Amino acid sequence: MSKNLKTVPDNVIEYQNKEYWEERYSKLESHETFDWFNKTYKELKPLFDIYLPDKNVSILMLGCGNSTLSEDMYDVGYHHITNVDFSETVIENMRFRCKDRTEMSWIVMDVRDLTFQDETFDAVIDKGDVWNPKPEIVENVKKVVDEVVRVLKFDGKVLNHFSNLEIVLEHKNGKIR
Ligand SMILES: C[S@@+](CC[C@H](N)C(=O)[O-])C[C@H]1O[C@@H](n2cnc3c(N)ncnc32)[C@H](O)[C@@H]1O
């Protein structure tokens with residue numbers, strides 16, 4: 001993380017603003033990476049070993065940012081990863097950084113409005129995406145959850161990682177548990 005970059009904005013509500021993230025990423029060197037909550041593939045591997053033992057699964061990475069998670073997962077065999085983020089800057093930088101990992105894709109997309117078909121993915125990973133549960137953004141959270149449920153395959157899984165909380169949801173019988 002660059003020295004002149006504030007990690008936390010004055011108001012956490014800024015985390016949902018595309019402009020905030022664009023400005024933040026535009027101040028970084030294009031090759032820089034940062035993993036929120038210091039959680040990298042190494043720390044999350046035990047979770048993936050349990051819930052994603054088959055490396056051929058199709059994975060949607062929400063709000064990928066400039067985390068090393070996707071490239072590290074790719075390098076151990078998870079090749080079918082679709083990374084989305086609403087920052088054009090970070091997607092362009094990460095696409096270039098990972099240009100040799102040819103089966104992985106990088107798409108500018110708002111997670112509140114995913115353009116994928118219903119039941120596209122075997123698993124959805126939300127690592128470090130900041131969703132502050134204040135009443136005014138609950139509606140946004142609901143939109144994301146609704147979209148995730150819609151694009152997740154029957155029997156698919158959602159792996160959600162916050163600072164100290166790991167949530168694994170399974171899509172069974174039309175319900176998320
Ligand atoms: C806290 S960072 C987490 C980045 C990365 N997943 C990690 O764990 O290091 C949140 C990321 O989500 C992206 N983001 C926030 N809201 C989004 C939205 N509505 N649609 C797409 N991306 C979003 C931001 O641009 C940022 O890259």
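**Exercise 1. Is Glu119 buried, partly exposed or exposed, and how many other C-beta atoms lie within 10 Å?**

Solution.
- The model is predicted.
- Place the residue. Glu119 sits in the loop between strand 3 and strand 4.
- Count its surroundings. There are 15 other C-beta atoms within 10 Å of Glu119.
- Apply the cut-offs. Buried needs 20 or more, and exposed needs 12 or fewer.
- Conclude. Glu119 is therefore partly exposed.
- Check the backbone. The phi of Glu119 is near 50°, a positive value in a residue other than glycine.
- Set this against the rule. Most residues other than glycine have a negative phi.

**Exercise 2. Treat Asp155 likewise: give its element, its phi and its exposure.**

Solution.
- Asp155 belongs to strand 5.
- Its phi is positive, about 75°, although Asp155 is not a glycine.
- Around Asp155, 11 other C-beta atoms lie within 10 Å.
- The limit for exposed is 12 or fewer, so Asp155 is exposed.

**Exercise 3. Describe the setting of Val90.**

Solution.
- Val90 lies in helix 4.
- With 25 other C-beta atoms within 10 Å, Val90 is buried.
- Leave aside neighbours within four places in sequence. Val90 then contacts Tyr25, Gly65, Asn66 and Asp85.
- Look for a distant partner along the chain. Glu22 is 68 residues away from Val90, and the C-alpha atoms of the two are separated by 7.8 Å.

**Exercise 4. Find the buried faces of helix 4 and helix 1, and say what each packs against.**

Solution.
- Start with helix 4. Its buried residues are Val90, Ile91, Asn93 and Met94.
- Seen down the axis of helix 4, these residues fall within an arc of 165°, so they line one face.
- That buried set packs against helix 1, strand 2 and strand 3 (105-108).
- Turn to helix 1. Trp21, Arg24 and Tyr25 are buried there.
- They cover an arc of only 90° around the axis, which puts them on the same side of helix 1.
- Recall the helix geometry. An α-helix has 3.6 residues a turn, so residues three or four places apart point the same way.
- The buried residues of helix 1 pack against helix 4.

**Exercise 5. Map the largest nonpolar core.**

Solution.
- The core holds 30 residues.
- Those touching the most other members are Ile59, Leu60, Met61, Leu62, Ile81, Val124 and Ile125.
- Elements giving two or more residues include strand 1 (59-62), strand 2 (81-85) and strand 4 (121-127). Helix 1 (18-26) and helix 4 (88-97) are also among them.
- Take Val124 as a sample. Beyond four places in sequence, Val124 is in contact with Leu60, Leu62, Val148, Leu152 and Val158.
- Compare with the general tendency. In soluble globular proteins, nonpolar side chains tend to be buried together.

**Exercise 6. Characterise the shell around the ligand.**

Solution.
- The shell has 19 residues.
- Trp21, Gly63, Gly65, Ser67 and Gly128 come nearest to the ligand.
- Sort the shell by type. It divides into 7 nonpolar, 6 polar and 6 charged residues.

**Exercise 7. Summarise the chain and judge how far to trust it.**

Solution.
- The protein chain has 5 helices and 7 strands.
- From the N terminus on, the order is α-α-β-α-β-α-β-β-α-β-β-β.
- Of its 177 residues, 27% count as buried.
- Take contacts between residues at least 6 apart in sequence. Of these, 64% join residues at least 24 apart.
- Average pLDDT is 84, and 77% of the residues score at least 70.
- Residues 1-5 stay under 50, with 7 contacts beyond four places in sequence.
- Apply the caution. Where pLDDT is low, the predicted coordinates should not be read in detail.

Definitions and conventions: Residues are numbered from 1 along each chain as its sequence is written. This is a predicted model: local features need pLDDT of at least 70, side-chain atom pairs count only at pLDDT 80 or more; totals for chains, interfaces and linings use all residues. A residue is near a molecule or strand if its C-beta atom, placed from the backbone, lies within 6 Å of it. Ala, Val, Leu, Ile, Met, Phe, Trp, Tyr, Cys and Pro count as nonpolar, Asp, Glu, Lys and Arg as charged, and the others, Gly among them, as polar. pLDDT is the predictor's confidence in each residue, from 0 to 100. Two residues are in contact if their C-beta atoms, placed from the backbone, lie within 7 Å. A nonpolar core is a set of buried Ala, Val, Leu, Ile, Met, Phe, Trp, Tyr and Cys residues joined through C-beta atoms within 7 Å. Helices (H or I, at least four residues) and strands (E, at least two) are DSSP runs, numbered from the N terminus. The arc is that of the directions from the helix axis to the C-beta atoms.
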